Amino acid sequence: MANGNLRGLVGTSSTKIGTFLFEFATPGIGQILKAAGADYAVLDMEHTGFGFETVRQVVHYMQAANLPLVVRVPSQSRHHISRALDTGADGVMVPIVSSVEQAKAVLEAAKYWPHGTRGVALGLAHERFAMRREPLLPRFAEQNARTAIILQVEDPRGAAAADEIAALPGVDMLWLGHNDLSVAMGEPGAFDHPDFLTAEQATIAAAKKHGKSAGRLAVDAHQAASFVKLGYDFVSIAGDVWLLQQAFAAGVQRIRQQT
């Protein structure tokens with residue numbers, strides 16, 4: 001059910017399936033993922049060496065494929081958030097949002113007046129370089145309406161504040177950062193620990209209560225399906241590196257067994 005409007009998918013009951021890009025920022029990646037049935041992709045700046053020049057390129061690759069692109073920015077810095085959106089990304093994923101105050105700061109950076117204080121630079125990539133003469137206000141409204149804001153819950157404080165954060169107008173999705181959450185709880189990798197499960201359930205419940213989406217990255221398709229049953233409506237099947245490794249390793253194993 002691939003769709004060119006990411007924000008139009010937020011809060012709907014259907015399952016949205018995508019993946020993360022950690023390595024393969026190549027010209028065909030958008031069309032490859034679209035042909036495979038992806039609904040969105042996330043370009044990761046937090047854990048890679050990708051800079052904004054790469055972001056600009058990948059945005060256009062995804063636009064050519066009509067596949068929504070989220071950029072996971074490396075910090076809550078205003079400069080990172082607004083600059084990613086100015087490249088034309090459909091949304092930003094912001095790490096370690098632990099309070100309502102931090103969430104509001106993200107919204108301030110991401111939204112144009114009157115919902116934020118994002119710096120004004122129109123007619124560029126986020127408007128597809130169109131030569132437009134409309135007044136500023138409807139153009140602000142257009143960008144505010146198309147920009148998806150995804151906040152990562154990655155520590156106990158974020159989970160405790162999930163309901164208040166999800167209630168904020170402009171917040172579209174809570175994304176569980178499962179590894180960091182487990183580490184912050186002092187139980188690295190203990191995803192079946194009662195404290196982790198409580199935080200996860202609180203995050204999903206908060207998103208559902210306020211008509212928002214909940215997302216999480218899975219190691220494979222089987223795990224992603226189990227996350228959907230828990231209440232997540234956005235799931236990522238691993239990332240580009242691991243998808244290639246898994247597919248190739250399965251092929252190697254099959255050949256070894258048959259020869």
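**Exercise 1.** Which residue does the side chain of Arg56 meet in a salt bridge?

*Solution.* This is a predicted model, in which local features need pLDDT of at least 70, side-chain atom pairs count only at pLDDT 80 or more, and totals for chains, interfaces and linings use all residues. Residues are numbered from 1 along each chain as its sequence is written, and side-chain values use heavy atoms, with hydrogens and water left out.

Step 1. A salt bridge is a side-chain nitrogen of Lys or Arg within 4 Å of a carboxyl oxygen of Asp or Glu.

Step 2. The partner of Arg56 is Glu53, at 2.9 Å from N to O.

Step 3. Both residues belong to helix H2 (residues 52–65) and are three residues apart, about one turn of the helix. Helices (H or I, at least four residues) and strands (E, at least two) are DSSP runs, numbered from the N terminus.

**Exercise 2.** Find which elements the salt bridge between Asp44 and Arg72 ties together, and state whether each residue is buried or exposed.

*Solution.*

Step 1. The side chains of Asp44 and Arg72 meet at 2.4 Å, N to O.

Step 2. Asp44 lies in strand E2 (residues 40–44) and Arg72 in strand E3 (residues 69–72), so the pair ties together parts that are 28 residues apart in sequence.

Step 3. Buried means under 20% relative accessible area, exposed over 50%, and partly exposed in between (1.4 Å probe, protein chains only). Asp44 has 0% and counts as buried; Arg72, with 8%, is buried.

**Exercise 3.** Describe the salt bridge of Lys209 in the same steps.

*Solution.*

Step 1. Lys209 meets Asp163 through their side chains (3.3 Å, N to O).

Step 2. Lys209 is in helix H9 (residues 194–209) and Asp163 in helix H7 (residues 162–166), so this pair links distant parts of the chain, 46 residues apart.

Step 3. Lys209 is exposed at 59% relative accessible area, whereas Asp163 is partly exposed at 31%.

**Exercise 4.** How many salt bridges does the structure hold, and which residues are linked in a network?

*Solution.*

Step 1. The structure holds 13 salt bridges.

Step 2. The network of salt bridges links Glu127, Arg132, Glu134, Arg139 and Glu142.
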